[in-house]
Amino acid sequence: MIIQGIGIDATNGGYKVTVEILNNEQSGSPGGDGLSDNKTKIYTAEGATVAAALRDLSTKSGNKPLYAHNRVIILGEEAVNRGFSDVIDFFERDYDSRASQLICVAKEAKAEDVIRAKLLNDTVKSKILEKMLEESYEESLVPRVRIIDAINATKEQTARLCIPAVKIEQNGENQDIALDGCAVFGEDETFSMYISSGDAGGLAFLDDNIKKGFISANLPNGGKATFVINKGKTKFDIVEEKGVLIYNLKVQVSCDLEEVGGAEFFSIEEDFMEKMKSAAAKTIAEKMENTLIVLQGEHGGDVIRYGTRLSLIDNDLYNKLKNDWDNAFKRSRTSVEVGITLRRIGEETFHSNKN
């Protein structure tokens, strides 16, 4: 059984796994007749533990499960409410399981529903989901969470898990799988809250994990501009004032101007360029501030690893605060300074007076 995706749901007595496997008959692999219409097959099994359920798959197919090719693990909402470590422990210990498998949460749904989604085209759904998660990470929209990342986060005393969430959308008679923000986990590693796609937009900037992406900013003249991010870097300075931690963040982002509208459509004057850079910087700062408001709320947590950064800068202060870190994080304050470099603004000679 060449497994491509694994969904894990809770049952009254344990867990239910739903796996998407390659259909060897359709793919023309050795032993296949090439006559089946479907690229994949789906099997389910139940057990007292995730490991027991996965082992029971052999009784359904007559083949041994092969985990080395698995792309993604989907966690049903009820399953993660039992504790993340219990659900994921098998994949850390099993010899054939890869540490690079991606993880996501089925938002307000069962993992089985995602595996069985009726997409428009017959394809490997787990491959589509894997690409969706990877691309969203490269666009700085959500964090990329692999098995190894999740395990490391659970072993850090102050860090909290933040895992991309997906949902099923109806598309006529068919369905689509769509990214829908992130799931945040609490100190006890159980599900705590969802943050929307918009609120997740500041995570990469706050966690110094800026890849690529885009920014849409409102200009002073009433127009709008869109910038493509090439690269970015966030630097941290941490001080304590009257028992409150203050994180001073300096964010530097390199962008290309992709589109601009308004009365100064063709303008390349230095003054207008500065206004556009200021607008882009303001947009990024607001993204970061909005994300922090959510994370420092009642059900939020330190998914941006502020505690870990404090330990690297002032370990004595970290040791003093780590046992009550959730409260220390929620009381902390953050100041943001964003600098924008415009690498390209398009064809500079277009409608210019240079000629």
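Student: Let's start with helix α5: how far apart are N and O in the salt bridge between Arg93 and Asp89?

Tutor: Happy to begin there, keeping in mind that this is a predicted model. Arg93 and Asp89 are four residues apart in α5, so about one helical turn separates them. Their side chains meet in a salt bridge, with an N to O distance of 2.6 Å.

Student: Is Arg93 buried, partly exposed or exposed?

Tutor: Its partner Asp89 has 27% relative accessibility, so Asp89 counts as partly exposed. For Arg93 the relative accessible area is 63%. The cut-off for the top class is over 50%, so Arg93 is exposed.

Student: Which residues of α5 are buried, and where do they sit around the axis?

Tutor: Helix α5 covers residues 84-93, and its buried residues are Phe84, Val87, Ile88, Phe90 and Phe91. They span an arc of only 150 degrees around the axis, which means they lie on the same side of α5.

Student: And which exposed residues are on the face of α5 turned away from that buried side?

Tutor: Here we meet a familiar name, the Arg93 of the salt bridge with Asp89. The face turned away from the buried side carries two exposed residues, Asp86 and Arg93.

Student: Moving on to the largest pocket, which helix gives the most to its lining?

Tutor: Good place to go next! The volume of the largest pocket is about 570 Å³, and 26 residues line it. Both α8 (147-155) and α9 (203-206) supply at least two residues of that lining. With three residues, the helix that gives the most is α8.

Student: How many residues of that lining are charged?

Tutor: Among the residues nearest the centre of the pocket are Arg144, Asp207 and Arg305. The lining divides into 14 nonpolar residues and three polar ones, and the charged residues number nine.

Student: Which residue forms a salt bridge with Arg305?

Tutor: The closest N and O atoms of this pair are 2.9 Å apart, and the partner of Arg305 is Glu156. The two link distant parts of the chain, 149 residues apart: Arg305 lies in the loop between α10 (270-295) and α11 (306-313), and Glu156 in the loop between α8 and β6 (162-171). Arg305 is partly exposed at 30% relative accessible area, and at 22% so is the partner you asked for, Glu156.

Student: Finally, how many salt bridges does the count come to?

Tutor: We have discussed Arg93 with Asp89 and Arg305 with Glu156. Another joins Asp149 and Arg146 at 2.8 Å, N to O. The count of salt bridges comes to 19.

Note on methods
Residues are numbered from 1 along each chain as its sequence is written. This is a predicted model: local features need pLDDT of at least 70, side-chain atom pairs count only at pLDDT 80 or more; totals for chains, interfaces and linings use all residues. Side-chain values use heavy atoms; hydrogens and water are left out. Buried means under 20% relative accessible area, exposed over 50%, partly exposed in between (1.4 Å probe, protein chains only). The arc is that of the directions from the helix axis to the C-beta atoms. On a 1 Å grid over the protein atoms alone, a cavity is a set of points where a 1.4 Å probe fits but cannot get out, and a pocket is an open set with protein on both sides within 12 Å along at least five of seven lines; lining residues have an atom within 4 Å of a point. Grid points are joined across faces, edges and corners, and a volume is the space filled by probe spheres set on the points. Ala, Val, Leu, Ile, Met, Phe, Trp, Tyr, Cys and Pro count as nonpolar, Asp, Glu, Lys and Arg as charged, and the others, Gly among them, as polar. A salt bridge is a side-chain nitrogen of Lys or Arg within 4 Å of a carboxyl oxygen of Asp or Glu.
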